[in-house]
Amino acid sequence: MKIAKSCYFTSTNKTVFLFLFLLSLASSAQENPLPKAKTGAFWEKVQFGGGLGLGIGNDFTNILVAPSAIYNFNDYFAFGTGVQYSYLKQKNFYSSNVFGGSLIGLFSPIDVVQLSLELEEVSVNNTYTDLGGNFKDSFWNTNLYIGAGYRDGNVTIGGRVNVLFDKDKDIYGSAFMPFVRVFF
């Protein structure tokens, strides 16, 4: 059964809004990290970051919380993990809860370039309320992103492509997603 998703904000608009919100956060981030506590060699190579998102409109709410951490093996390679939760509601039409986790590998061949490979697995729980009752649709969504970005200090701005994207089964509206990545 195919359900038409009508919404005041398209997925492209939501992506652009989230990108601009994260860009404004990144522009106020410090270029040099704060001094780290001397708790051991392992923790000196760990950086924390993530994303926050908030979109509010006429009968529309979108909230995203996505903390993450990476371990820097050296100046070129890093590996990390993250969790995420998002809530989306269009009054009298649709609500969605998405939660899951991700693994990310980062490679910086030169100081200003960052390449990434990210595997994301999320549980999607949708409820449609305008179909003459409640219709629920729950499923798992797997995404594999290949990305590249320009890096300046702790901030990377770029784009990534979901190579597993299927327009009929994916929760995102496009295979391409811009990103702002900040680690402290």
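Student: Which residues lie nearest the centre of the second largest pocket?
Tutor: Happy to start there, and keep in mind that this model is predicted. The lining of the second largest pocket is made up of 23 residues. Those nearest its centre are Gln47, Asn72, Asp75, Arg151 and Gly153.

Student: Which elements give two or more residues to the lining of that second largest pocket?
Tutor: Good next step! The space in the second largest pocket is about 430 Å³. The elements that give two or more residues to its lining are β2 (60-72), β3 (77-90) and β6.

Student: How many residues of each class, nonpolar, polar and charged, are in the lining of the second largest pocket?
Tutor: Let's sort the lining by class. Seven of its residues are nonpolar. The polar residues number eight, and the charged residues number eight.

Student: In what order do the strands of the open sheet come?
Tutor: The open sheet is formed by eight strands, and their pairing is antiparallel. In general, strands of a sheet pair through backbone hydrogen bonds. The order here is β1-β2-β3-β4-β5-β6-β7-β8.

Student: Which are the edge strands?
Tutor: Look for strands that pair on one side only. From one strand to the next, the twist averages 20 degrees. The edge strands are β1 (46-57) and β8 (176-182).

Student: How many bridges join β5 to β6?
Tutor: Strand β5 covers residues 113-128 and strand β6 covers residues 135-152. Within this pair, valine 124 stands opposite phenylalanine 139, and tyrosine 128 has phenylalanine 135 as its bridge partner. The two strands run antiparallel, and the number of bridges joining them is 16.

Student: What is the bridge partner of valine 98 in β5?
Tutor: First find the strands: β4 (residues 94-107) is joined to β5 by 14 bridges. A hairpin of five residues links β4 to β5. In β5, the partner of valine 98 is valine 124.

Student: What is the bridge partner of valine 65 in β3?
Tutor: Here we look at β2 and β3, which run antiparallel and are joined by 11 bridges. A hairpin connects β2 to β3 through four residues. The partner of valine 65 in β3 is tyrosine 85.

Student: Along β3, which side chains point to one face and are buried?
Tutor: The side chains of β3 alternate between two faces. Phe77, Phe79, Thr81, Val83, Tyr85, Tyr87 and Lys89 point to one face and are not buried. On the other face, the buried ones are Ala78, Gly80, Gly82, Gln84, Ser86, Leu88 and Gln90.

Student: What is the bridge partner of phenylalanine 79 in β4?
Tutor: We stay with β3, which pairs with β4 in the antiparallel sense over 14 bridges. Follow phenylalanine 79 across to β4, and the partner is glycine 105.

Student: Is asparagine 92 buried or exposed?
Tutor: Asparagine 92 sits in the loop between β3 and β4, and it has a positive phi of about 60 degrees although it is not a glycine. Most residues other than glycine have a negative phi. For accessibility, the cut-off for exposed is over 50%. Because its relative accessible area is 61%, asparagine 92 is exposed.

Student: How does aspartate 59 count by its relative accessibility: buried, partly exposed or exposed?
Tutor: Aspartate 59 is in the loop between β1 and β2, and its phi is also positive, near 60 degrees. Buried means under 20% and exposed means over 50%, with partly exposed in between. Aspartate 59 has 40% relative accessibility, so it counts as partly exposed.

Key
Residues numbered from 1 in each chain as written. Predicted model: local features only at pLDDT ≥ 70, side-chain atom pairs only at ≥ 80, totals over all residues. Heavy atoms only, no water. Pairing = 2+ DSSP bridges. Axes fitted to C-alpha atoms, helices over the stretch in contact; angles between N-to-C directions. 1 Å grid on protein atoms, 1.4 Å probe; cavity = no way out; pocket = protein on both sides within 12 Å on 5 of 7 lines; lining within 4 Å. Points joined across faces, edges and corners; volume = space filled by probe spheres on them. Nonpolar A, V, L, I, M, F, W, Y, C, P; charged D, E, K, R; others polar. Buried < 20%, exposed > 50% of the residue type's maximum accessible area, 1.4 Å probe, protein only.
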